[in-house]
Amino acid sequence: MSLDDGVRLASLFGAVCFVLGLHLMNSPATARRGNQLSAFGMGVAIIAVLVSVTDSGNMNATRWLVLICGALIGSGAGLYSARAVAMTQMPQLVSLFNAVGGGAAALIALADYQHDSHVSAGIATAGVLDVLIGGVTFSGSLIAAAKLQGYWSQPVNFPGSRLVSAVLALVAVAGGIAVIAGAHSPWLLGLVLIAALGLGIGMVLPIGGADMPVVISLLNAFTGTAVAMAGFVLENATLTIAGALVGASGGILTKLMADAMNRSVLSIMAGGFGTGATGVDVGPGSGGTVKSIAIDDAALQLAYASKVIVVPGYGLAAAQAQHEVRELGELLESRGIEVSYAIHPVAGRMPGHMNVLLAEANVPYDQLREMEDVNPEFDRTDVALIIGANDVTNPAARRPGNAVSGMPILDVDHARSIIVIKRSMASGYAGIDNELYGDPKTSMLFSDAKKGLASLVAATKLVD
Amino acid sequence: MTQGFVGNLSIFVLALLVGFEVISKVPATLHTPLMSGANSIHGVVLVGVVVLSSFVDGPFGYVLTFVAAAFGAANVVGGYAVTDRMLQMFRKRPVPASAPKAVEGESA
C-alpha cells in the first residue's frame with residue numbers, strides 16, 4: 001500500500017466519522033460523543049493531508065510558515081470565542097463560523113485559479129460557484145452576526161438597493177461565464193468575488209430579526225456548498241463529502257424553520273414580514289376583554305395545579321430569565337406538579353436555540369418538548385405559563401386571512417387556564433393582536449420576564 | 001486525488017443524500033448543536049487550505065493562504081469546542097421524575 005493510499009484511507013475514515021458523528025446527534029444522550037467522534041475524524045483527516053503534502057516535497061519554509069502562522073492565529077481566535085461566548089450569543093458565533101468557512105472556501109478557489117487558470121470547464125464552474133457562494137456567505141454572515149449582536153436589528157432598505165443588487169448579480173454572472181468560457185484572468189474571478197461580497201450584504205440587510213433562524217440556516221447551507229465546491233476545485237473528496245453533509249444539514253434546517261413560520265424561503269429573502277414594523281401597543285382585537293392577574297393569584301394557580309406547561313419565547317432569553325424559570329419549574333416539581341417546557345421550532349434566534357438556553361440553566365432535556373409532541377397534552381394541562389412568546393401561541397393562525405394564518409402554533413388555548421407574562425400588549429413580529437389575550441381563560445401578568453418570574457418564585461414559596 | 005470531475009460529482013450527490021437521511025432524524029431539541037456541529041465539519045476547509053499551501057507562490061498567493069488558514073482553523077477549532085461546551089449542558093434529570101430535585105447544577 002502506497003503512502004497515497006494510506007492518506008486516502010485516512011480521509012475516508014474522517015468522512016465516516018463525520019457521518020457517524022451526525023448520526024449520534026439524534027439523541028441528547030449520545031450527541032456529545034458524536035461531536036467528539038466528528039472532531040477525531042477531523043484530526044485524522046488533517047494529519048493525513050499534512051503527511052501527504054510533506055511527502056509531496058512541495059512544502060518549503062515559507063509555505064510552512066504561512067500555513068502554520070495562519071492556523072495558529074485562527075485556532076487561538078476560534079478557541080477563545082468558543083470559550084467566551086454566552087449561549088444567548090450562539091447565533092452570532094455560528095454566523096461568524098459560517099463567514100470564515102465560506103470565506104476560506106472562496107479564497108481557496110481564488111488562490112487555486114491564480115496559481116493555474118488553465119482548468120477544465122467543470123472545475124472552472126465549481127471555482128466560480130465557490131467564489132460566488134463563499135463570497136455571499138462571508139459578507140452575508142458578517143451582516144447577520146452584526147444584526148444578531150444588536151448593532152442594528154431593523155431591516156435596512158435604501159432607495160435603489162434592488163437595482164444595486166441586480167447590477168452586482170449581473171456582474172457576478174457575466175464574470176463567472178467569462179471565467180468558465182476560459183478567460184484565464186484571476187482579476188475577473190476577483191471581480192466575481194467582490195460582486196458576491198456586495199450581493200451578500202444586499203441579501204441580508206433587508207431581512208428582519210424574526211427571520212434570522214431561516215437566514216442562519218440558509219447561510220449554513222451555503223457554506224457547506226461552497227466548501228464542497230472547493231473540494232471540486234482541489235479534487236479533494238474529503239472537502240466534497242463534508243461540504244455536502246453541511247449543505248444537507250443547512251438545507252433541512254432552512255426548510256424546517258421556514259415551515260415553522262409558514263413562510264417560503266423566497267419571500268423571506270425578498271424581505272418584509274419579519275420587520276416588526278407595526279409593533280406598537282394596541283388593544284386586543286378579538287373583542288374579549290383582557291384580564292390581568294396579581295402575582296399572588298398567579299402563584300396560587302400554579303401551586304395548586306397538577307400539570308403545568310411552560311411556553312418560553314425569545315422574550316425569556318432576551319430578559320436572561322432562564323435561571324428564574326428553571327427555579328420556578330423546580331419549585332413546582334417539588335410540590336409534585338408535572339412540569340414541562342413546550343418549545344416552538346422558531347423560539348430563539350436560531351434553530352433549537354431555546355433548548356440550549358434552558359439546558360444551560362440546568363433544565364433536564366427530557367422536560368424539553370417539541371411542538372408536535374406536546375400539543376396533545378395541553379388538553380390535560382391546568383396552567384400554560386407563557387413567557388416572552390407571542391405569535392406562536394396565537395389561535396388566529398388556525399383561520400385563514402391574517403398574517404399568521406397557517407403557521408403551526410402551540411395549542412396553549414386548550415389548557416384549562418393560561419397565564420401570560422408580558423411587558424405590555426405590544427404585538428409580536430407579525431404585527432397583529434394575539435387573540436389568546438382576549439380569551440376568558442387567559443390572565444395577563446404584566447411584567448418583565450425576569451422580575452415577574454422572580455416574584456412568582458417568591459410568592460409560590462409562600463403558598464402552603 | 002484523481003477521480004476527476006464526474007467522480008467528485010458522484011461523491012457529492014451521494015454524500016448529500018446520506019446527509020439528508022442522517023440529519024432528518026435529529027430532534028429539534030438538538031438543532032442548535034447540530035448546526036454548530038455541522039459548522040465544525042465545514043472547518044474541513046482547513047484540509048483544502050493545507051493542500052493549497054503546497055502549491056501557492058508569490059505574495060498574493062501567500063496572503064490568500066494565510067487568511068484562509070486562519071479562517072479555516074478558527075472554524076474547525078472554535079466549532080468543535082463550542083459544540084462540545086453546548087452538548088455537555090444537555091443532561092438527564094438526576095433522579096426519577098416524581099422526586100424533588102435537590103442536588104443539581106454542580107457540574108454547570
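This is a tour of a predicted model, starting with chain B, moving to its contact with chain A, and ending in a sheet of chain A.

**Stop 1: chain B alone**

Hide everything except chain B and colour by secondary structure. Chain B holds 4 helices and 0 strands, in the order α-α-α-α from the N terminus. Next, colour chain B by burial: 58% of its 108 residues count as buried. To see how the chain folds back on itself, look at contacts between residues at least 6 apart in sequence; 59% of these join residues at least 24 apart.

**Stop 2: the side of chain B that touches chain A**

Bring chain A back and select the residues in contact across the two chains. The selection takes 86 residues from chain B and 105 residues from chain A. On the chain B side, the elements that give two or more residues are helix 1 (4–23), helix 2 (31–41), helix 3 (45–53) and helix 4 (58–87). Which helix of chain B gives the most to this side? Select helix 4 of chain B, which contributes 27 residues. Now colour the chain B side by residue class: there are 51 nonpolar, 26 polar and 9 charged residues.

**Stop 3: two helices, one from each chain**

Select helix 1 (residues 3–24) of chain A together with helix 1 of chain B. Their axes come within 9 Å and cross at roughly 20°. Because the cut-off for roughly parallel is an angle under 35 degrees, helix 1 of chain A counts as roughly parallel to helix 1 of chain B. Show side chains where the two meet: Val19(A), Leu22(A) and His23(A) lie on the chain A helix, and Val18(B), Val22(B) and Ile23(B) on the chain B helix. By class, this helix contact has 5 nonpolar residues, 1 polar residue and no charged ones.

**Stop 4: the sheet of chain A**

Hide chain B and go to the open sheet of 6 strands in chain A. The strand order is 3-2-1-4-5-6, with parallel pairing. Strand 3 and strand 6 (442–446) of chain A have a single partner strand each, so they stand at the edges with one side lacking a neighbour in the sheet. Neighbouring strands of the sheet are turned by 25° against each other on average, direction ignored.

Step through three of the pairings:

- Strand 1 (residues 307–312) and strand 2 (residues 338–343) of chain A run parallel and are joined by 4 bridges. Val308(A) has Val339(A), in strand 2, as its bridge partner.
- Strand 1 and strand 4 (residues 383–387) of chain A also run parallel, with 5 bridges. Select Val311(A) and find Ile386(A) opposite, in strand 4.
- Strand 2 and strand 3 (residues 368–370) of chain A pair in the parallel sense over 3 bridges. Here Tyr341(A) stands opposite Leu368(A) of strand 3.

**Stop 5: helices on the sheet**

Add helix 13 (residues 322–334) of chain A. Helix 13 packs on the sheet and touches strand 1, strand 2 and strand 4 of chain A; its direction makes about 175° with that of strand 1.

Finally, add helix 14 (residues 353–360) of chain A. Which strands does helix 14 of chain A lie across? They are strand 1, strand 2 and strand 3 of chain A, and helix 14 runs at about 145° to strand 2. Trace the chain from strand 2 through helix 14 to strand 3 of chain A: these elements make a right-handed β-α-β unit.

How values were computed
Residues numbered from 1 in each chain as written. Chains lettered and ligands numbered in written order. Predicted model: local features only at pLDDT ≥ 70, side-chain atom pairs only at ≥ 80, totals over all residues. Buried ≥ 20, exposed ≤ 12 C-beta atoms within 10 Å, placed from the backbone. Contact = placed C-beta atoms within 7 Å. Nonpolar A, V, L, I, M, F, W, Y, C, P; charged D, E, K, R; others polar. Pairing = 2+ DSSP bridges. Right-handed = clockwise from strand over helix to strand, strands pointing away. Axes fitted to C-alpha atoms, helices over the stretch in contact; angles between N-to-C directions. Parallel < 35°, antiparallel > 145°, perpendicular 65-115°, else oblique.
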